[in-house]
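Morning, everyone. Let me put one model on the screen and walk you through it.

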Amino acid sequence: MNGLVLQGGGARGSYQIGAYFAFKKCHIHFSAICGTSIGAFNGAMLASKKEKELLKFWQNASIGEILGFDKEYIRKKINKEYDLDFFKLGIKNALKIIKTRGIEMHQLEQVLDTYLDTNQLLKSSIDFGVCTIRLNDFKPLYIFKKDMHPDKIKDYILASCYLPLFKMEKKVDDHYYLDGGFYDNTPINMLIEKGMKKIYVVELNPLININRKPKKEVEMIRITPTRNLGGVLIYDSKNINDNIKMGYYDTLKTLKKLDGFAYYFKRRPSFYYNRLVHQIDRKELFRLKGFFHSKTNKEVVLKALEYYLQRKDKKIYQVYRPEKVIKEIKKEHNLTHFVWKFITQLKFL
């Protein structure tokens with residue numbers, strides 16, 4: 001049985017829906033999904049088999065508006081218009097938060113009401129669980145859907161998302177709760193206790209990343225972002241959509257064992273790259289390895305190809321064939337850079 005754990009990390013959670021569609025492409029199914037904070041929301045949607053609706057939410061999400069910030073302030077922030085009006089709007093938003101003793105939760109509640117069908121979640125064959133903390137005694141709460149009162153499921157999810165910047169409200173059982181990430185941002189043990197044989201973890205590289213040690217050894221596959229996901233409170237929809245694509249291709253890289261560092265390449269064995277450089281002058285090869293901080297022939301060739309792709313502003317989110325990129329470079333003229341010259345000297349046997 002496969003289990004899925006979704007870390008918390010605010011708006012970075014957009015990465016996780018991209019990862020999920022890569023799991024689907026690779027025909028990986030889950031018996032149970034657990035999450036903390038935004039991972040709890042994503043997990044509830046995925047366990048309800050509403051991945052298309054979740055993708056639509058992230059593609060159209062305005063995190064700033066959900067948190068109640070002024071639309072003009074959000075627009076200026078996205079466009080980096082840091083003028084006097086921007087700072088005035090910033091002060092206005094800050095005073096509003098102070099006056100209400102935190103960011104109001106009603107917009108988040110509305111998101112849950114709009115997108116999450118609790119009946120569908122309860123009927124689903126996929127189990128679902130969340131992690132949160134009871135604030136008065138800092139006691140963790142790990143709970144699966146079968147132990148949640150149907151009318152309180154959304155409250156459990158909100159409790160798991162409760163960052164200190166939100167206005168404190170009593171949830172679930174007349175207690176205050178705190179974001180589960182302050183105790184266990186990766187609730188692996190919930191799935192271990194459920195008997196999952198293989199656990200996939202989609203990480204978000206959050207600022208607060210407190211995790212509990214697994215209670216026993218299980219097969220663990222971690223999906224980790226290859227680039228910066230941006231802030232916890234992302235305002236720019238372009239950034240969010242970029243994270244979705246990154247989640248998809250990073251997951252494919254792990255599952256299909258793609259090569260590459262900043263880009264994605266079809267996997268080729270080490271001897272393939274050893275053959276490519278067999279006619280390169282040893283001193284020149286040593287120079288290139290130093291330039292790219294590479295130890296192997298495979299690393300230096302891939303980094304040289306990525307260097308070219310970056311300089312030519314080629315698309316990141318696609319899977320490249322190394323031989324096709326090499327042939328493309330060899331067709332170009334006036335390549336005087338020593339990296340280009342190195343690539344043109346690579347020989348196919």
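Start with the overall numbers. The protein has 349 residues, and 50% of them are buried. Keep in mind that this is a predicted model. Its secondary structure comes to 16 helices and 10 strands. The accessible surface is about 17,700 Å². Carbon and sulfur atoms hold 52% of that surface. Now take the contacts with a separation of 6 or more: 70% of them join residues 24 or more positions apart.

Next, the cores. The largest nonpolar core has 52 residues. Which residues have the most contacts inside it? They are Leu4, Phe23, Phe41, Trp58 and Ile157. Helix 2, residues 38–47, gives the most to this core, with seven residues. Look at Ile157. Leaving aside neighbours within four places in sequence, Ile157 touches Ala40, Phe41, Ala44, Leu112, Leu116 and Phe128. There is also a second, separate core of 28 residues. Leu276, Val277, Ile326 and Ile343 are among its members.

Now zoom in on helix 14. That helix runs over residues 297–311. Does its length come out as expected or not? Helix 14 has 15 residues, so at 1.5 Å a residue it should span 21 Å. The end C-alpha atoms are 21 Å apart, which agrees. Helix 14 is mostly covered, with 11 of its 15 residues buried. The buried set includes Val300, Val301, Leu302, Ala304 and Leu305. Some polar names are in there too: Asn297, Lys298 and Glu306 are buried. What do the buried residues of helix 14 pack against? Among the partners are helix 12 (270–276), helix 13 (282–291), helix 15 (322–330) and helix 16. Two strands join in: strand 9 (264–265) and strand 10 (319–320). Just after helix 14 comes Asp313, with a positive phi near 55 degrees.

On to the rings. The structure holds 21 aromatic pairs. One of them is Tyr308 with Trp340. Their centres are 5.4 Å apart, and the planes make an angle of 85 degrees. That is edge-to-face, since the angle is over 60 degrees. This pair links distant parts of the chain: Tyr308 sits in helix 14 and Trp340 in helix 16 (residues 338–344), 32 residues apart. Both Tyr308 and Trp340 are buried. And the pair has company. Ring pairs join Phe291, Phe292, Tyr307, Tyr308, Phe338 and Trp340 into a cluster.

Charges meet rings here as well. The charged end of Arg287 sits over the ring of Phe338, 4.0 Å from the ring centre. Lys303 lies over the face of Phe261, at 4.9 Å from the ring centre.

Last topic: backbone oddities. Most residues other than glycine have a negative phi. His27 has a positive phi, about 60 degrees. His27 is in the loop between helix 1 (14–25) and strand 2 (32–36). Is His27 buried or exposed? Its relative accessibility is 65%, so His27 counts as exposed. Phe138 also has a positive phi, near 55 degrees. Phe138 is in the loop between strand 3 (127–134) and strand 4 (139–144). Relative accessibility there is 40%, so Phe138 counts as partly exposed.

That's the tour. Over to you for questions.

Notes: Residues are numbered from 1 along each chain as its sequence is written. This is a predicted model: local features need pLDDT of at least 70, side-chain atom pairs count only at pLDDT 80 or more; totals for chains, interfaces and linings use all residues. Side-chain values use heavy atoms; hydrogens and water are left out. Rings of Phe, Tyr and Trp (its six-membered ring) pair if their centres lie within 6.5 Å; planes under 30 degrees apart count as stacked, over 60 as edge-to-face and the rest as tilted. Helices (H or I, at least four residues) and strands (E, at least two) are DSSP runs, numbered from the N terminus. Buried means under 20% relative accessible area, exposed over 50%, partly exposed in between (1.4 Å probe, protein chains only). A charge sits over a ring if NZ of Lys or CZ of Arg is within 6 Å of the ring centre and within 35 degrees of the ring normal. The expected span of a helix is 1.5 Å times one less than its number of residues. Contact means heavy atoms within 4.5 Å. A nonpolar core is a set of buried Ala, Val, Leu, Ile, Met, Phe, Trp, Tyr and Cys residues joined through side-chain atoms within 4.5 Å. Accessible areas come from the Shrake-Rupley method with a 1.4 Å probe; for residues, only the protein chains shown count as cover.
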